[in-house]
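Biologist: Could you take me through one part of this model slowly, the packing of one helix against its neighbours, and tell me how that part sits within the whole?

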Amino acid sequence: MFTNISWGNYLAAVSIAIIIWYLIILLKFYSRDLKKILSGETKLQLPFLKKTSENLQEMRSISDSFPGSFDTLKDAENLSQRIKEAVKESAEKRLAKQQFQNYLRMLLDEYPFIKISPLRENINQLMVFESQKHPNLLLTLSEADSLWEGPVF
């Protein structure tokens, strides 16, 4: 019965039917908007057609809204270097573990964005790793994590 219809003819007919269906839906639900666009009352706004200078200005305004949060990676690098120096200095001065923890708390308070970032876990692991080099300053992961919350004495 349907041997006279080729696959090409079938696909063409289905494609035309789909296009007509979507045109009917478009006219039914968006006729007011189409009339406004065709009459020139409103402009068709496609975000990917914006000028690149507008996009750059928009991106700058976003980064200006959150100036501190975009420096988190750089801050984490600085903090990791300062932690290494603090561990070395504390070992040389033979500070007690409590004094060492207070020293680390002071350092961590200077970097509030790292406290809420995913890099916090990496910093905790670094503190534990560096403290393992000196048995009198040995920290666990839970102790390192609690240094972010505790007050500086």
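Modeller: In this predicted model, helix α3 passes α6 in a right-handed crossing, and the two pack at an angle of about 15° with their axes 10 Å apart. Since angles under 35 degrees count as roughly parallel, that angle makes α3 roughly parallel to α6. On the α3 side, the contact is made by Thr 72, Leu 73, Ala 76, Leu 79, Ser 80, Ile 83, Lys 84 and Val 87, and on the α6 side by Leu 119, Ile 123, Leu 126, Met 127, Glu 130 and Ser 131. Sorted by character, the residues of this contact between α3 and α6 are nine nonpolar, three polar and two charged.

Within that contact, Ile 123 deserves a closer look. Leaving aside residues up to four places away in sequence, Ile 123 touches Ala 76, Leu 79, Ser 80 and Ile 83, and also Leu 108, Ile 114 and Trp 148. Another residue that can be placed relative to Ile 123 is Glu 77, which lies in helix α3: the C-alpha atoms of Glu 77 and Ile 123 are separated by 9.3 Å, although the two residues are 46 apart along the chain. With a relative accessible area of 48%, Glu 77 is partly exposed.

The other partner to consider is helix α4, residues 97–109, which packs with α3, residues 72–93, at an angle of about 160°, the axes being 11 Å apart. Because angles over 145 degrees count as roughly antiparallel, α3 and α4 are roughly antiparallel to each other. The crossing of α3 and α4 is right-handed. From α3, the residues in this contact are Leu 79, Arg 82, Ile 83, Ala 86, Val 87, Glu 89 and Ser 90, while α4 brings Phe 100, Tyr 103, Leu 104, Leu 107 and Leu 108. This contact of α3 with α4 divides into nine nonpolar residues, one polar and two charged.

Between α3 and α4 there is a loop, and Arg 94 lies in it. The phi angle of Arg 94 is near 55°, a positive value in a residue other than glycine. Arg 94 counts as exposed because its relative accessibility is 72%.

These helices also meet in the interior. In soluble globular proteins, nonpolar side chains tend to be buried together. Here the largest nonpolar core has 21 residues, and those with the most contacts inside it are Leu 79, Ile 83, Leu 104, Ile 123 and Met 127. Each of α3, α4 and α6, the last spanning 119–131, supplies at least two residues of this core, and the largest share, six residues, comes from α3.

As for the whole, the protein has seven helices and zero strands, and 23% of its 153 residues count as buried. Among contacts between residues at least 6 apart in sequence, 64% join residues at least 24 apart. One further residue can be placed in the last of the helices named here: Ser 142 is in helix α7, residues 141–146, and is exposed, with a relative accessible area of 55%. The C-alpha atoms of Ser 142 and Asn 124, 18 residues apart along the chain, are separated by 8.6 Å.

Key:
Residues numbered from 1 in each chain as written. Predicted model: local features only at pLDDT ≥ 70, side-chain atom pairs only at ≥ 80, totals over all residues. Heavy atoms only, no water. Axes fitted to C-alpha atoms, helices over the stretch in contact; angles between N-to-C directions. Helix = DSSP H or I, 4+ residues; strand = E, 2+ residues; numbered from the N terminus. Parallel < 35°, antiparallel > 145°, perpendicular 65-115°, else oblique. Left-handed = near helix turned anticlockwise from the far one by under 90°. Contact = heavy atoms within 4.5 Å. Nonpolar A, V, L, I, M, F, W, Y, C, P; charged D, E, K, R; others polar. Core = buried A, V, L, I, M, F, W, Y, C linked by side-chain atoms within 4.5 Å. Buried < 20%, exposed > 50% of the residue type's maximum accessible area, 1.4 Å probe, protein only.
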